[in-house]
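Here is a walk through one protein structure. Keep the sequence and the 3D view open together as you read.

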Amino acid sequence: MKHHPQGSTAASAAAEGSPVGEPDGDALRRWVLAFCVIRFDLEQGQVVEECYPPGDLPPSDELCVAFSSFPDSMSHHQHRSRSSIHDSIFFFRIRSASASTSGGFLYGYVFNRQRQDERLKRGGEQKSVVILSPRPYSSVFRPLLQILGPLCFDIGKRALELVAAHVASWPSPIPGKLMELPIGSAVLKVHLPPLLSFPANGDGDGDRCDGDELALSAAMAPFPPANPSIPQGLFHDADLFGIFRGILLQLWVLWELLIIGEPLLVIAPTPPQCSEAVAGLVSLVAPLLCSIDYRPYFTIHDPDFAALNSLREGDAFPPMVLGVTNLFFLKALQNIPHIVSVGSPSPNSGRSLQVAARPSSTNGPGKNPRFGKLNLEQLSLNKFSPTNLLNAMKLRRDGPLSLMTEHKEAIWSTYSATTKPDTSVLNRLIDAGMSPRIEESMSVVNNEILRRHFLELTTNFLAPFGPYLRATMPLEGSSPFVEPPVLPPFHADDFLKSLAERGPGKFLSKRMRANWLDLYRCFLRGRNFMPWFQRRRVIAELEQQRLWRQARMNADMKKLILKMSELEVVDSFNAIERHLLREMQQSGRGGVDSAQACQKLKGDLEAVFNVLPKDTQQLLLSHPQRASLLGVGL
């Protein structure tokens, strides 16, 4: 849950209890690189009016940030009244040399205000307030923008300084944790994405994370956690139901395209809709680490556009998800194999699906008869009819260029999906009709239903890799001082052969067609597999080291010695010595836990030493370092 002030109360909320003095730059950069105010000028184009702290936005990034902070045109929001104001929030992701600690990308969260007034030049003006961050913490920056945006239009530059002072006072981000972040009299209560959502040495690498939590988050459970409100990946707050409502049946196709890392062009009428759609697609594959490039709002001014535009016919399009509003991309990027269009041209005209009213006799406790299920017939759930057939043929014949004349929600792709749409999930979704207030609350319910299903679907899809990523503990009664076994080696061909023999499991068998193994083949070849697998592999190894270390701390060495031969006792002495030297190195770096471990291992080393023959003891003591470990002076 997020608590924040709205409208005119934003200024007083942010100003109340404001920290005194200049914010600490290093503390601020834990969350935010810079706050900007950018104005669209008729003569000069995009102009950065303010940047706070001054000089923190590199000139090489300034132009791309400025162009990415405005819609392509005001045409989507023209109103017939003489004077009107339209506010919107969206975000973008650009390459940045200054973001070396965040995988080379910078995230911009934009509060855009378009004011239409016949008394102004060309009938209107627009300005954007932008939060730039190396971290994709949308659950933090969206509500923060709802405070900062209006406040900035009320009091100007002072708003940037006030909010920056509050942000600098926040504790360091802790991935995977619920954090309470004060902003004046308000508190943002947000769950940050888990550390495994970020690439190694990438977006969240500088954040603090407990080692036990890191290993625990890698557990390959066959089913997701009981609480679907806890993020398992990036952009958990994306409105899946709201943005894909018109093409819900295509979510399973889109899930597969994201899983295997296929290039995808997302077209929407407005930046908020296209950035929401891209965020939703990335969130769809949680807990899989999404390693393909994604751009929530991409413009022709992005430096990467030149390389994409220069691709020749037949050239492979790089694996990425591009969110755009400019229909020019349909002609410029004809090599991209998959295109999906979402959203409605008028953000204020909600699309309403037919409601199938529930009979009053079936309304049990807690059920509201005003709401209804989504009408699956209207979603054309594989239902044959001459009209559906003609519409599908016309859509395929016209292709995505038909969007040039009329926006429609559809997908154009030759990809044949393996996963079948789950009608039991769709049947649970609720349509609230035309009421915006009820619509918002129902979207929360529907999003949880969809997110839980795709989290379960992804987790079960990844489950067959579990044996290669599972840490082992010492067997009961065995010595934890020997080196732990290595994890099983992974070979794609052997994996596929073994998987074909045992099947995908009960959950997937009911939801996938006979060619399900092809989906795994494509996944293994795609851009997402190896970074995810290697990351999980490293964490499994760390978890195994932790488990064996814990077993060593709990082991009763005197009892273990009774079962050992003389040779095994000598081997144990050498093994304990190695572990002790490692712990001493850690203890030298200030680790309290390692200091305790050193005491335990020294006791174990002495216990083993005392049962060795005298001649072996003398031989061991001839080494000065070893004698020092045993506390014996030479």
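The paragraphs below go from the whole chain to a sheet, an aromatic cluster and a few single residues.

Start with the model itself. It is predicted. The mean pLDDT of the protein is 82. A pLDDT of 70 or more is reached by 78% of its residues. Some stretches score lower. Residues 74–80 have a pLDDT below 50. Even so, that stretch has 17 contacts in the model beyond near neighbours in sequence. Residues 380–384 also fall below 50. Their stretch has nine such contacts in the model.

Now take the chain as a whole. The protein has 23 helices and 15 strands. It has 634 residues, and buried ones make up 50% of them. Consider next the contacts between residues at least 6 apart in sequence. Of these, 74% join residues at least 24 apart.

Strand β8 is a good place to zoom in. The strand covers residues 264–267. Leu264 and Val266 point one way from β8, while Leu265 and Ile267 point the other way. Which of these are buried or exposed? All four residues are buried. β8 also has partners. It pairs with strand β10, residues 320–324, in the parallel sense over four bridges. Within that pairing, valine 266 stands opposite glycine 323 of β10. Strand β11, residues 339–341, is another parallel partner of β8, over three bridges. Here isoleucine 267 stands opposite serine 341 of β11.

Turn next to the aromatic rings. The structure holds 35 aromatic pairs. One of them joins phenylalanine 465 and phenylalanine 490. Their ring centres are 6.1 Å apart. Their planes meet at 45 degrees, so the pair counts as tilted. A tilted pair has planes that are neither under 30 degrees nor over 60 degrees apart. Both residues lie in the loop between α14 (436–462) and α15 (492–502). They are 25 residues apart, and the pair links distant parts of the chain.

How buried are these two? Phenylalanine 465 has a relative accessible area of 0%. Phenylalanine 490 has 18%. Buried means under 20%, so phenylalanine 490 is buried at its 18%. Phenylalanine 465 is buried too.

Phenylalanine 465 has a further aromatic partner, phenylalanine 529. This pair is also tilted, with 5.4 Å from centre to centre and 40 degrees between the planes. Phenylalanine 465 sits in the loop between α14 and α15, and phenylalanine 529 in helix α18 (residues 529–554), so the pair ties together parts 64 residues apart in sequence. Both phenylalanine 465 and phenylalanine 529 are buried.

These pairs belong to a wider group. Ring pairs link a cluster whose members include Phe465, Phe490 and Phe529. Among the other members are Trp255, Phe461, Tyr468, Trp516 and Trp532.

Rings also meet charge in this model. The charged end of arginine 93 sits over the ring of phenylalanine 105, 3.6 Å from its centre. Arginine 93 also lies over the face of tyrosine 294, at 4.0 Å from the ring centre.

Three single residues round out the tour. Look at arginine 511 in the loop between α16 (506–509) and α17 (516–525). Is arginine 511 buried or exposed? Its relative accessibility is 16%. The limit for buried is under 20%, so arginine 511 counts as buried. The side chain of arginine 511 makes a polar contact with the side chain of aspartate 422, at 3.0 Å. Leaving aside neighbours within four places in sequence, arginine 511 is in contact with Thr418, Thr419, Lys420, Asp422 and His453.

Serine 197 lies in another loop, between β7 (186–191) and α6 (211–216). Serine 197 is buried, with a relative accessible area of 8%. What does serine 197 touch, not counting residues up to four places away in sequence? The residues are Gln232, Gly233, Leu234 and Leu289.

Alanine 595 sits in helix α21, residues 592–610. Its relative accessible area is 33%. Partly exposed covers the range between 20% and 50%, so alanine 595 is partly exposed. Alanine 595 and methionine 584 are eleven residues apart in sequence. In space they are 7.2 Å apart, C-alpha to C-alpha.

Notes. Residues are numbered from 1 along each chain as its sequence is written. This is a predicted model: local features need pLDDT of at least 70, side-chain atom pairs count only at pLDDT 80 or more; totals for chains, interfaces and linings use all residues. Side-chain values use heavy atoms; hydrogens and water are left out. Helices (H or I, at least four residues) and strands (E, at least two) are DSSP runs, numbered from the N terminus. Buried means under 20% relative accessible area, exposed over 50%, partly exposed in between (1.4 Å probe, protein chains only). Contact means heavy atoms within 4.5 Å. A polar contact is a pair of N or O atoms within 3.5 Å; within protein, one must be able to donate a hydrogen and the other to accept it, and residues adjacent in sequence count only if both atoms are side-chain atoms. Rings of Phe, Tyr and Trp (its six-membered ring) pair if their centres lie within 6.5 Å; planes under 30 degrees apart count as stacked, over 60 as edge-to-face and the rest as tilted. A charge sits over a ring if NZ of Lys or CZ of Arg is within 6 Å of the ring centre and within 35 degrees of the ring normal. pLDDT is the predictor's confidence in each residue, from 0 to 100. Two strands pair if DSSP finds at least two bridges between them.
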